[in-house]
Amino acid sequence: MSLDDIHFQPLTKVAKHIENRDVSPVEVTEAILTRIEKYDQSLHSYTTVTADLALEQAKKAEVEIMKGIYRGVMHGIPIAVKDLCFTKGITTTGGMAIYRDFKPDHDATVVTKLADAGSVLL
């Protein structure tokens, strides 16, 4: 699997490559972060990018997978959540300037479930 086109691959295919250790969660996350950095200045698709957190979570997922602890298809998969979903301690604006400094004190259920599955928050 080429990391150059990883963003075009079906999630199930990427997950299988991570599970088989053909590619690591860190490599996948770095590839996606590089793409975000390259294109998002013109696309403006991300309100907040949590690169440091994403790499930290990817490293944790990689260690777990290398130890044989595989949580399932979301484990080590970089994912973005809509800016409407509360993310504890991370600016969550809901697309409104009035909330530009709002940092929720809890995660939305979907964010918690993705974290429990071992996904990587972009």
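**View 1. Where the charges of the protein chain sit on average.** In this predicted model, the protein chain carries 14 positive and 17 negative charges. Take the mean position of each set and you get two points 3 Å apart. As for what the chain shows to the outside, the exposed area comes to about 7600 Å². Carbon and sulfur atoms supply 54% of that area.

**View 2. The protein chain from end to end.** Four helices and two strands make up the secondary structure here. Walk along the sequence and they come in the order α-α-α-β-α-β. The C-alpha trace spans about 45 × 30 × 20 Å along its principal axes. How does the radius of gyration of the protein chain sit with that of a compact globule? For 122 residues such a globule would come in near 14 Å, and the chain has 15 Å, so the two agree.

**View 3. Burial and contacts across the sequence.** Out of the 122 residues in the protein chain, 36% are buried. Now look at the contacts between residues at least 6 apart in sequence: 61% of them join residues at least 24 apart.

**View 4. The largest nonpolar core.** This core has 19 residues. Which of them touch the most other members? That would be I6, V14, I18, V28, I32, I77 and L122. Three helices each put in at least two residues: α1, α2 (25–43) and α3 (51–66). Helix α2 gives the most, with six residues. As background, nonpolar side chains in soluble globular proteins tend to be buried together.

**View 5. Close-up on I18 in helix α1.** Helix α1 covers residues 11–19, and I18 is part of it. Is I18 buried or exposed? Its relative accessibility is just 1%, and buried means under 20%, so I18 counts as buried. I18 is also among the core members that touch the most others.

**View 6. Who I18 is in contact with.** Skip the neighbours within four places in sequence, and what does I18 touch? The list runs V23, P25, V28, I65, H75, G76 and I77. Two of these names, V28 and I77, also turn up with I18 among the core residues that touch the most other members. For a sense of how the chain comes back on itself here, try M74: 56 residues separate M74 from I18 along the chain, while their C-alpha atoms are 9.8 Å apart.

Key
Residues are numbered from 1 along each chain as its sequence is written. This is a predicted model: local features need pLDDT of at least 70, side-chain atom pairs count only at pLDDT 80 or more; totals for chains, interfaces and linings use all residues. Side-chain values use heavy atoms; hydrogens and water are left out. The radius of gyration is taken over C-alpha atoms; the globule rule is 2.2 Å times the number of residues to the power 0.38. Buried means under 20% relative accessible area, exposed over 50%, partly exposed in between (1.4 Å probe, protein chains only). Contact means heavy atoms within 4.5 Å. Accessible areas come from the Shrake-Rupley method with a 1.4 Å probe; for residues, only the protein chains shown count as cover. Lys and Arg count as positive and Asp and Glu as negative; His and the chain ends are not counted. The place of a charge is taken as NZ of Lys, CZ of Arg, CG of Asp or CD of Glu. A nonpolar core is a set of buried Ala, Val, Leu, Ile, Met, Phe, Trp, Tyr and Cys residues joined through side-chain atoms within 4.5 Å.
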